[in-house]
Amino acid sequence: MAAIDCGTNSIRLLVADLPAESAGPQAPLVDVTRRMEIVRLGQGVDRTGRLAPEAIERTRVALASYAADIEKLGAERVRMCATSASRDAANAADFTAMVQQTLGVAPEVVSGDEEARLSFTGAVRGLSADAKEPFLVVDIGGGSTEFVVGDRTGVRSAISVDIGCVRMTERHLAGDPPTPEQVAAAESDIAAVVDRALAAVPGREAATLIGLAGSVTTVVAIAEGLRGYEPERIHHARVSYEAVARVTADLLERTSAQRLEIPVMHPGRADVIGAGALVLRVIMERAGMPSVVASEHDILDGIAWSLQAA
């Protein structure tokens with residue numbers, strides 16, 4: 001199976017074998033390859049309402065490489081989901097046509113609710129048996145963040161809201177580093193949206209917070225003092241609120257160039273990680289969560305699992 005997740009900031013590929021049905025409901029996917037490229041498809045969408053031609057072209061180049069891998073590896077089924085940026089764009093048809101021509105299948109521009117459910121499926125499968133339910137899964141993307149409450153039987157409720165690391169950076173954090181006033185404005189904006197989301201799902205009743213996507217895993221890698229990005233050490237690592245707050249403050253005080261000096265920092269994330277960390281910190285504050293469990297498995301895995309019944 002080949003799953004592609006195209007978000008506001010990155011495009012990712014997972015080619016995996018699904019486990020046999022006899023292996024049980026918690027059997028993991030068998031990864032063949034995972035890839036990620038920062039293409040910033042959502043560049044300027046919050047301001048212009050349109051996908052920039054150069055952003056579509058960056059995405060096409062990455063997608064062409066993924067298509068070659070899919071063909072070489074012989075994937076039998078392919079599903080590509082596109083999320084926040086392509087939902088918001090007036091010229092989404094240009095993006096769809098490019099994907100159809102490059103990949104041979106049309107992208108599914110999934111709703112925020114479907115995005116949330118796919119993320120939850122990817123995150124919860126394989127979670128340790130002692131993880132306390134219910135779970136609050138938060139997927140902090142470039143343009144949006146999904147809040148999903150559920151347990152091992154499935155999703156109870158979900159909401160997608162328009163706060164993400166790219167959107168908040170473009171809207172508020174223009175300085176390099178951002179000024180205290182800019183950070184305060186971003187925090188105020190984020191807190192209002194987070195409160196609305198937590199009331200809707202309802203997130204404050206959850207026992208365990210699970211954080212997904214690059215902003216979360218990068219913050220956790222920094223908090224853990226890793227000297228390189230090690231997915232196996234990040235996956236299911238639990239980090240305290242105090243550690244998240246410390247990392248967030250440090251990131252927001254650095255310039256983008258200084259953030260690049262951090263060993264685990266992806267070059268395409270350095271300019272927006274401050275906003276992503278701030279979203280995570282505010283969620284933990286407003287939900288009253290003392291810690292967050294990071295997951296390397298997310299919507300990409302959920303897309304792959306959805307092909308099991310295809």
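Three helices, α1 (45-48), α3 (84-88) and α6 (165-172), each supply at least two residues of the lining of the largest cavity. I should say at once that the model on the screen is a predicted one. The search returns one cavity of 30 Å³ or more, and the volume of the largest cavity is about 60 Å³. Eleven residues line this cavity, and those closest to its centre are Thr 8, Gly 42, Val 45, Asp 46 and Arg 167. What is the chemical character of the lining? The lining residues comprise three nonpolar, four polar and four charged.

Two of the residues just named lead to the next topic, the salt bridges. Asp 46 and Arg 167 belong to a network of salt bridges that also links Asp 162, Arg 171 and Asp 189. Both Asp 46 and Arg 167 are also among the residues closest to the centre of the largest cavity.

How many salt bridges does a search of the whole structure find? The total is 24. I shall present three individual pairs.

The first pair joins the side chains of Asp 69 and Arg 35, with an N to O distance of 3.0 Å. This pair links distant parts of the chain, for Asp 69 lies in helix α2 (residues 53-73) and Arg 35 in strand β3 (residues 30-38), 34 residues apart. Are these two residues buried or partly exposed? Asp 69 has a relative accessible area of 15%, and therefore counts as buried, the limit being under 20%. Arg 35, at 23% relative accessibility, counts as partly exposed.

The second pair is Arg 204 with Asp 195, whose side chains meet in a salt bridge at 3.0 Å, N to O. Arg 204 is partly exposed, at 42% relative accessibility. Asp 195 is partly exposed as well, with a relative accessible area of 23%.

In the third pair, a salt bridge of 2.9 Å, N to O, connects the side chains of Asp 250 and Arg 254. Asp 250 has a relative accessible area of 31% and is partly exposed. Arg 254 is likewise partly exposed, at 22% relative accessibility.

I turn now to two individual residues, beginning with Asn 9. Where is Asn 9 found? This residue sits in the loop between β1 (2-6) and β2 (10-17). Why does Asn 9 count as buried? The reason is that its relative accessibility is 4%, and buried means under 20%. The side chain of Asn 9 makes a polar contact of 2.4 Å with the side chain of Arg 40. Leaving aside residues up to four places away in sequence, Asn 9 touches Glu 37, Ile 38, Val 39 and Arg 40, together with Gly 142, Val 166, Gly 268, Arg 269 and Val 272.

The second residue is Val 15, which is found in strand β2. Val 15 also counts as buried, at 4% relative accessibility. Which residues does Val 15 touch, not counting residues up to four places away in sequence? Its contacts are Met 1 and Ala 2, then Asp 31, Val 32 and Thr 33, and finally Ile 70 and Leu 73. There is also a distance to report: the C-alpha atoms of Val 15 and Glu 296 are separated by 15 Å, although the two residues are 281 residues apart along the chain.

To close, I return to the cavity and the salt-bridge network. Asp 46 and Arg 167 are in the network, and both are among the lining residues closest to the cavity centre.

How values were computed. Residues are numbered from 1 along each chain as its sequence is written. This is a predicted model: local features need pLDDT of at least 70, side-chain atom pairs count only at pLDDT 80 or more; totals for chains, interfaces and linings use all residues. Side-chain values use heavy atoms; hydrogens and water are left out. Helices (H or I, at least four residues) and strands (E, at least two) are DSSP runs, numbered from the N terminus. Buried means under 20% relative accessible area, exposed over 50%, partly exposed in between (1.4 Å probe, protein chains only). A polar contact is a pair of N or O atoms within 3.5 Å; within protein, one must be able to donate a hydrogen and the other to accept it, and residues adjacent in sequence count only if both atoms are side-chain atoms. Contact means heavy atoms within 4.5 Å. On a 1 Å grid over the protein atoms alone, a cavity is a set of points where a 1.4 Å probe fits but cannot get out, and a pocket is an open set with protein on both sides within 12 Å along at least five of seven lines; lining residues have an atom within 4 Å of a point. Grid points are joined across faces, edges and corners, and a volume is the space filled by probe spheres set on the points. Ala, Val, Leu, Ile, Met, Phe, Trp, Tyr, Cys and Pro count as nonpolar, Asp, Glu, Lys and Arg as charged, and the others, Gly among them, as polar. A salt bridge is a side-chain nitrogen of Lys or Arg within 4 Å of a carboxyl oxygen of Asp or Glu.
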